[in-house]
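The following exercises practise the reading of a protein model. Please attempt each task before turning to its solution.

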Amino acid sequence: MSTSTQQRSNAMMRDYDTIEAATALDIVLQSVQPLAPQTVSTFEALDLVLAQEVMAQEDLPPFPCSAKDGFAVIASDTTNPRRLIGEQTAGYIAALRVEPGTCVRITTGAPLPPGADAVIMVEYTHEQDGLVTMQRPVAPGSDVRPVSQDIAKGQRVLASGTSIGPQEIGLLASLGYTSVAAHPRPRVAVLSTGNEIVEPDTLPRPGQIRDSNRYTLIAALRRAGAHPVSLGISTDEEDILLAKVTEGLDTCDALVTSGGVSMGELDLLKPLLETLGQVHFGRVNMKPGKPLTFATVAAKPVFALPGFPVSSLVSFELFVRPALRRMGGHRLVLRPRVPVTLAHSLQGDPGRPEFHRAELVWEDGKCMARSTGAQSSARLLSMVGANALLALPKQDKPFAAGETVMAILLDHPESDPYPPGWA
Ligand code: AMP
Ligand code: MG
């Protein structure tokens, strides 16, 4: 027997402790770091996390300008009507100077001509034969945006760690930053495993099953802000699995597999990962997703998710997504958790805490939870229409209608600060 085969068969025999989901999440989050910042084009920076401070290199506005369409005047000048000496529109400097008794037509955003100290809105004037009558006086500074009113040169406008949204991108552009340092999207390799798994565009022969997990997980990775890289499907054969896992780890920041982590003799991922790196846990006290396995290989996280479609997606939500957000530099890595009211009774699981798929709806000012039906871990339809996972403690007797339980909101951006609590 070769050394690696010996190691593998030893590892096969390893009996993994079942750990609590909260402990598993702590282990995962402690095992991953924000990825090293890269310079990215401001256009590509949406939803990334800024890895630098941004200082204003310029004043904004850079010149005093008009906030309205109207006439540039001297506020203290009481001449009425005034003589119109020309116009200043946005985009250039007209060689005009406002003197007492005169005014200049001006448009929004146009530089205030020298001499003027206020703008009167066109709505408060009457213009005829080159003369402008002001229907009300204006105070000095009226409708003038002075230099640096919005941003002063040297001011810090964005802190490192800021999540970059449309307004941050606009702010960067307004200050001339066409690129910034940001944490990149984690590149994540995705592998489906199983002798029975075939591509969705083929007609499965007897005994075969179409690969849904890779499609689901790639979509979930995109939603999590990661960059998915498909490794296709591997059979349950050590050498093929090893080649795929190695390819994923060589080319990506993290690896997500599905299948092959249960107790069957073809469940080869745990022993394979034992030979490559460190398996931190191989069993979690939860339903679905008990066989969830987490390893690090050369400091890269490997999530070996269970094969059942709901188990893999629920474990992705609870463990992979927070880890990827942390790798992306986000400070907030957990979905919001809120108390909700059960709309009907629910049979709990006597053996394990359950993440029950549910739809939350507002009724009479209360957030009510309705089960999505049969909770089989093979039934992807239990996730369809689910906007929450109810974190139900293990319990023999049913949960009663009207009872309050904690719900993890699946359609809401992360809002809990790290470090997390649980349910
Ligand atoms: P396993 O974790 O490999 O024991 O697989 C558990 C169950 O999930 C089996 O019924 C598999 O056929 C199914 N399964 C595994 N991988 C996939 C996949 N990629 N897509 C759909 N079902 C899968
Ligand atoms: Mg399998």
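Two strands count as paired if DSSP finds at least two bridges between them. The model used here is a predicted one.

**Exercise 1. The open sheet**

Task: Determine the order of the strands in the open sheet of 6 strands, and explain why one side of S8 and of S9 is left without a neighbour.

Solution.
- Step 1: The strands follow the order S8-S5-S7-S6-S10-S9, and their pairing is mixed.
- Step 2: Strand S8 (118-121) and strand S9 (125-128) each have a single partner strand and stand at the edges, so one side of each has no neighbour in the sheet.
- Step 3: On average, and with direction ignored, neighbouring strands of this sheet are turned by 40 degrees against each other.
- Step 4: Within the sheet, strand S5 (residues 70-73) and strand S7 (residues 102-106) run antiparallel and are joined by 3 bridges. Here Ala-72 has Val-104 in S7 opposite to it.

**Exercise 2. The barrel and a helix**

Task: Describe the barrel of 5 strands and state which strands helix H7 lies across.

Solution.
- Step 1: The barrel closes in the order S23-S25-S24-S26-S27, with mixed pairing. Its neighbouring strands are turned by 55 degrees against each other on average, direction ignored.
- Step 2: Strand S24 (residues 354-363) pairs with strand S26 (residues 388-392) through 5 bridges in the antiparallel sense. Ala-358 stands opposite Ala-388 in S26.
- Step 3: Helix H7 (residues 309-327) lies across S24, S26 and strand S27 (404-409), and runs at about 75 degrees to S24.

**Exercise 3. A residue of the helix**

Task: Decide whether Ser-315 is buried or exposed, and identify its surroundings.

Solution.
- Step 1: Ser-315 belongs to helix H7.
- Step 2: The cut-off for a buried residue is under 20% relative accessible area. Ser-315 has a value of 0%, and is therefore buried.
- Step 3: The side chain of Ser-315 reaches the backbone oxygen of Ser-311 at 2.3 Å.
- Step 4: When neighbours within four places in sequence are left aside, Ser-315 is in contact with Gly-289, Leu-292, Leu-305, Pro-306 and Val-320.

**Exercise 4. The ligand**

Task: State how many residues surround ligand 1, and which are the closest.

Solution.
- Step 1: Ligand 1 is surrounded by 16 residues, of which Glu-196, Asp-211, Ser-212, Gly-260 and Gly-307 are the closest.
- Step 2: An oxygen atom of ligand 1 lies 2.6 Å from a polar side-chain atom of Glu-196. A polar backbone atom of Ser-212 is 3.0 Å from a nitrogen atom of the ligand.
- Step 3: Of the 490 Å² of accessible area that ligand 1 has on its own, the protein covers 81%.

Note on methods
Residues numbered from 1 in each chain as written. Chains lettered and ligands numbered in written order. Predicted model: local features only at pLDDT ≥ 70, side-chain atom pairs only at ≥ 80, totals over all residues. Heavy atoms only, no water. Helix = DSSP H or I, 4+ residues; strand = E, 2+ residues; numbered from the N terminus. Axes fitted to C-alpha atoms, helices over the stretch in contact; angles between N-to-C directions. Contact = heavy atoms within 4.5 Å. Near = heavy atom within 4 Å. Polar contact = N/O pair within 3.5 Å; in protein donor to acceptor, adjacent residues only side chain to side chain. Areas by Shrake-Rupley, 256 points an atom, 1.4 Å probe, with all protein chains shown as cover. Buried < 20%, exposed > 50% of the residue type's maximum accessible area, 1.4 Å probe, protein only.
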